[in-house]
Amino acid sequence: TGTGNVTYGEGLGYSGWVIDENRNANSTNLVIYASLCLFLALLSGKPWLSLTVPFLIDAVFLTNGTKGCYFSIFVLFFGYAAWLLAEQYVFHRRADCRAIAVLLLLGVFSAAIYKYTPRYKVTESQARTAVGHQGEIEATLMEKGIDITHMSAQERFDNPTVKEVFEHYYWIYLGVKPDIIDRFGMDRVLMQYRMSTNVTRLIDARVMERNYADMIFQDSDLPTRIVGFEASQVGFDGVYDLENDWHAIFYFYGYLGFALYMAFVLYFVFRVLRRLKEDFAGCCSLENFAFLLTFCLIVGLAHFSGATLRRPNVSIWFSLVLALLYCVTEEYNHEAEHHYSGL
């Protein structure tokens, strides 16, 4: 209808009916929906579902343009295909060969057309920007007769001429988010980046956000480090909120909060491993594989998104997947059941 929203700009991905502030959460939700929908399609045993659903997922993911969606194509398609092949040849269960072929072909197709996808265009645009500026610091200093190739970060900082050139270019590279310099001062920022000349890293907004939070954390007292600092401190206008959830949990919830969250997630990993040890063959079902794969996708996507573990419209699905994992790893009375088969 022409009322949908783009992901990164015109021609750079399509998100659909979602506001800008919710695009990251939306892409993560799409991955979760796709994983569970693909599982249900394969479980149904209906050829028209197991063949059409992968095509729909591929179309949505390729047009979305985010890293999460694009790379999840290969995790989902190759992952489910590998499982179906294992069922056929390892567990000697009947598997849908047509579904396996479709999943593998779509995975190969998605890799083959990468250069024509919105994801490639976004990556190339960022790479061109970095390449266009890479080497500027070194070239400027070489004109002054200074080779910084073998100089340590401290040696670069202590040399007034070198430091002046770094300050000039850091204002250019970090200027998209100048709060980091205004708040902490150029000297602090230079050492935080270890006097790096890697432009790709210097212009990366997510690296800026993590460094901003890290410097706040460094300045915090011990009680604050234990429980984390107020999220509103990241930036004068809140523009530095972290786009990496695991980092955000560490800085916003501190040592204690991060340890508790990790213990909570690892508890489910422990349950899965314990259940596999007790009854490996009985646990090897499509249901259990789907729940475990979705769990791994969510945990992995949390590293690339700041809207996976901290936004309720995504974390509610994480809660559901954890609940399903809990159910299928629960102790059962084996005398009352002939065979464990998950839910």
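In which helix is Val328 found? That is where this note starts, and the other points follow from there.

1. **Val328.** The answer is helix H17, which covers residues 312-328. Please keep in mind that this is a predicted model. Val328 has a relative accessibility of 3%, so this residue counts as buried, the limit being under 20%. If you would like a sense of distance, take Phe157 as the partner: Val328 and Phe157 are separated by 171 residues in sequence, and their C-alpha atoms lie 57 Å apart in space.

2. **The overall picture.** The protein has 17 helices and two strands. Along the principal axes, the C-alpha atoms fill a box of roughly 75 × 50 × 45 Å. Of the 343 residues in the protein, 45% are buried. Among contacts with a separation of 6 or more, 67% are between residues 24 or more positions apart.

3. **Surface and charge.** The accessible surface comes to about 17,600 Å², and carbon and sulfur atoms account for 62% of it. On the charge side, I would note 27 positive and 35 negative side chains. The centres of these two sets lie 5 Å apart.

4. **Aromatic pairs.** A pair of aromatic rings is described by how far apart the centres are and by the angle of the planes. The count here comes to 24 aromatic pairs. One of them to look at in the viewer is Phe217 with Tyr251: the ring centres are 5.5 Å apart and the planes meet at 70°, which is over 60 degrees, so the pair is edge-to-face. Phe217 belongs to helix H12 (residues 205-219) and Tyr251 to helix H14 (residues 245-278), so this pair ties together parts that are 34 residues apart in sequence. Both rings come from residues that count as buried: Phe217 has 5% relative accessibility, and Tyr251 has 8%.

5. **A pair of sequence neighbours.** Tyr267 and Phe268 also form an edge-to-face aromatic pair, with 5.4 Å from centre to centre and 75° between the planes. Buried or partly exposed: how do these two residues stand? Tyr267 is partly exposed, at a relative accessible area of 35%, whereas Phe268 is buried, at 7%.

6. **A cluster and a charge over a ring.** Six residues are worth selecting together: Tyr70, Phe71, Phe74, Phe78, Tyr114 and Tyr120 form one aromatic cluster. Elsewhere in the sequence, Arg271 has its charged end over the ring of Tyr326, at 3.8 Å from the ring centre.

7. **Backbone angles to check.** Which residue in the loop between helix H10 (186-192) and helix H11 (199-202) should you look at? Arg194 lies there, and this residue has a positive phi of about 55° although it is not a glycine. Met195 is found in the loop between H10 and H11 too, with a positive phi of about 50°, and Met195 is not a glycine either. In accessibility the two read as follows: Arg194 is exposed, with a relative accessible area of 52%, while Met195 is buried, with 0%. For Arg194, the limit for exposed is over 50%, so the value of 52% places this residue in that class.

Conventions:
Residues numbered from 1 in each chain as written. Predicted model: local features only at pLDDT ≥ 70, side-chain atom pairs only at ≥ 80, totals over all residues. Heavy atoms only, no water. Phe/Tyr/Trp six-rings, centres within 6.5 Å; stacked < 30°, edge-to-face > 60°. Helix = DSSP H or I, 4+ residues; strand = E, 2+ residues; numbered from the N terminus. Buried < 20%, exposed > 50% of the residue type's maximum accessible area, 1.4 Å probe, protein only. Lys NZ or Arg CZ within 6 Å of the ring centre and 35° of its normal. Contact = heavy atoms within 4.5 Å. Areas by Shrake-Rupley, 256 points an atom, 1.4 Å probe, with all protein chains shown as cover. Lys, Arg positive; Asp, Glu negative; His and termini not counted. Charge placed at Lys NZ, Arg CZ, Asp CG, Glu CD.
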